[in-house]
Structures are given as C-alpha cells and as structure tokens.
Amino acid sequence: MSRNPATRSTCLRRSVLSVPAINPRALEKTHAVDCDAVIFDLEDSVAPEKKVEARENLRRFFSDRPLENKERIIRINGLSTDFGSADMELVTALGPDAVLLPKVDEPQDVTDVSDLLSEAYVPDDLRIWAMIETPRGILNAAAITEAGRTPGSRLDCLVVGLNDLRKETGVPAQSGRGYLVPWLMQVVLAVSAYGLDAIDSVFNDFRDEQGFDAECRQGRAMGFAGKMLIHPAQIEPANRYFGPSAEEIAEAETIVAAFADPASAGLNVINSGGRMVERLHLVQAEALVHKARLISARKPA
C-alpha cells in the first residue's frame, strides 16, 4: 500500500494512554476513560518473570469484553529478545488495531514485522506503530517513515520515547525540553514528509499539571498529533490541547463552505473572509472538520 505524502491519518490520537498489561484492574478501567487510543504494554512496564502472565491478561481482556471507540495498540518486546516471538503470536491471534515496536532503529525493523504479519495472513488493517527512542532512531527517522510508503508496508505512526533517549544521550530532563527540541522536530518533519502521524513522548510527573499543560501546548505547536500518557488524569488536558479549538473549527468550516460555493468551481485560490485561501488549505480544513465530527460523536448524548 503506498501512502500519499499529503495524507495524514484521520484517526483521533490526541490522547494515547499506556497501560501495563500485567495490571488487570488498569486494563478494565480502559473501558471507562475518554482517551482516543490505548497502548497495552508488554514491554517496559512488565518484569521479565511476569511476561507470560501479562500476555494471558491481554488474551482474556480481548476475549471477555472488546474495547470500543478507541484504537487498540499492543506494545511488544523486541523480536531479538526472548519474549518478542510470543508477543507477535499474541498480536496475530488477538488482532488489535496496531502493534507498537520498541526501539526502532532503522527501516528493516519495520519491514521485518510487516513481512511476519503478511506471512501470517493478517489483514492489512492491522497497522504498525514505531517507538523512536534511540539516537539511531532519531537519525533514521526519515528513512523509517519513508518505509511507510513502500508497497505492503503497514507503518502508520511514530511515537517518541524520551526517557530512553535521555538515558542514552545524557540530556537532562528539563522543563521546556530545549536540548531535545531539534530531535523532536526531526521526527515531526519525517512524518509530515510521508503522511504519517507522530505522538509526543510521555510526561513523567502526572501530578505536575502546569508542566504537563506546557508540554502539551509545545507538542501541539510542533505538529504532534497527540501525546502518550501514563495516567488517566492526563487524558482531559491532552484531548483539549491536541484537539481543534472552536475558532479553528469555525475557520475550517468557513473554508469548506467557500470552496463548495458554485462560484468557486475550478478555482485554486479564493477570497475567504478577506484572505486568500488555496485548495491545499481546503484539504487541511476538511481533515480538521472530520476530526471535529469524530470528537463530537464520541461525546455522550
């Protein structure tokens, strides 16, 4: 499947909650929270001696009560570990919306998993997400994302992991992430070039509301689609900051209506509200309006 560089996902990914698969209570709570996506983690949050139990927890969870209205992503252990093969067998059996690969360093890490899924006759709608959390991953972000455009590729989204990146580079955890901004923007640039999404890294102190808000504002301004979360308390602000504002929705609706006017037929540039608007802005406006409708549909009546 080839991807159009101008195409970004129309899925809602404002809030991506990571939940340890070893914790049945946390798994059950995912039914009630208002996040857009859930990462069921078999990797960092699960001790080696608990990996088998965590997989069985997920097997029961998926069979007992399907999770609705949220993307379901299973984060596996690396295929080079003792746990990766069993994790992939579980992914194949459960059929989540995506599998999240840890510590993706190069395109081959993605294509290897694409091949495994295809060989197992897994439907194409099971996508691949990639954790970018190493120096090599950052350096190869464009090449990794380009792999999302090759025929048969399933790559859909990159997720930045700053905890591991800080550990490997020695960059301290400072407010504002000043020394990390160039690397973050490199990931955003890569996904923008090839029509994929990028999810901003976790904010470790869920009690620091002001710090989290500031990082959400920064991530949205950078161009991230949403944020990976470690606690349900972070869901509401993530949805708010990464979702379109009322003003943005109104402006997008105005652009869509202006191009729908018969007088605009065949025009690539029109006057809308006193400013010149091109058809590329129409594509962006239509995507924003679509996401606004998805958000509205999620709200209880």
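Let me begin with a term: a polar contact here is a pair of N or O atoms within 3.5 Å, where, within protein, one atom must be able to donate a hydrogen and the other to accept it. With that in hand, and bearing in mind that what we are looking at is a predicted model, I would like to start at Glu133, whose side chain reaches the backbone nitrogen of Lys103 at 2.8 Å, so that this pair lies within the 3.5 Å cut-off I just gave.

Where does Glu133 sit in the fold? Glu133 belongs to the loop that runs between β5, residues 127-132, and α5, residues 135-139. Glu133 is buried, since its relative accessible area is 1%, and the cut-off for calling a residue buried is under 20%. If we set aside residues up to four places away in sequence, the residues that Glu133 touches are Arg75, Pro102, Lys103, Gly161, Asp164 and Leu165. So Lys103 appears both among these contacts and as the partner of the Glu133 side chain through its backbone nitrogen.

Now to the annotation. The unreviewed UniProt entry places the feature "binding site" at Glu133 and Asp164. These positions are spread over 32 residues of sequence, and yet they cluster in space, with a largest C-alpha distance of 5.7 Å.

Turning to the second of these positions, Asp164 is found in helix α7, which covers residues 162-169. Is Asp164 buried or exposed? With a relative accessible area of 12%, Asp164 is buried, because that value, too, falls under 20%. Leaving out its neighbours within four places in sequence, Asp164 is in contact with Asp44, Lys103 and Glu133, and Lys103 is thus a residue that Glu133 touches and that Asp164 contacts as well.

Let me move to the cysteines. How many disulfides does the structure hold? The structure holds zero disulfides, and for Cys35, which is in none, the nearest cysteine sulfur is that of Cys11, 14 Å away. Why is Cys157 without a bond to Cys11? The closest cysteine sulfur to that of Cys157 is in Cys11, and at 9.3 Å it is too far for a bond, because a disulfide requires sulfur atoms within 2.5 Å. Cys35 counts as buried at 0% relative accessibility, and Cys157 is likewise buried, with a relative accessible area of 0%.

Finally, the overall layout: the domain assignment gives domain 1 as residues 15-242 and domain 2 as residues 246-298, and the centres of domain 1 and domain 2, taken over C-alpha atoms, are separated by 31 Å.

Technical notes: Residues numbered from 1 in each chain as written. Predicted model: local features only at pLDDT ≥ 70, side-chain atom pairs only at ≥ 80, totals over all residues. Heavy atoms only, no water. UniProt positions renumbered as here; feature names shortened; annotations may be inferred. Helix = DSSP H or I, 4+ residues; strand = E, 2+ residues; numbered from the N terminus. Buried < 20%, exposed > 50% of the residue type's maximum accessible area, 1.4 Å probe, protein only. Contact = heavy atoms within 4.5 Å. Domains from an automatic or database assignment.
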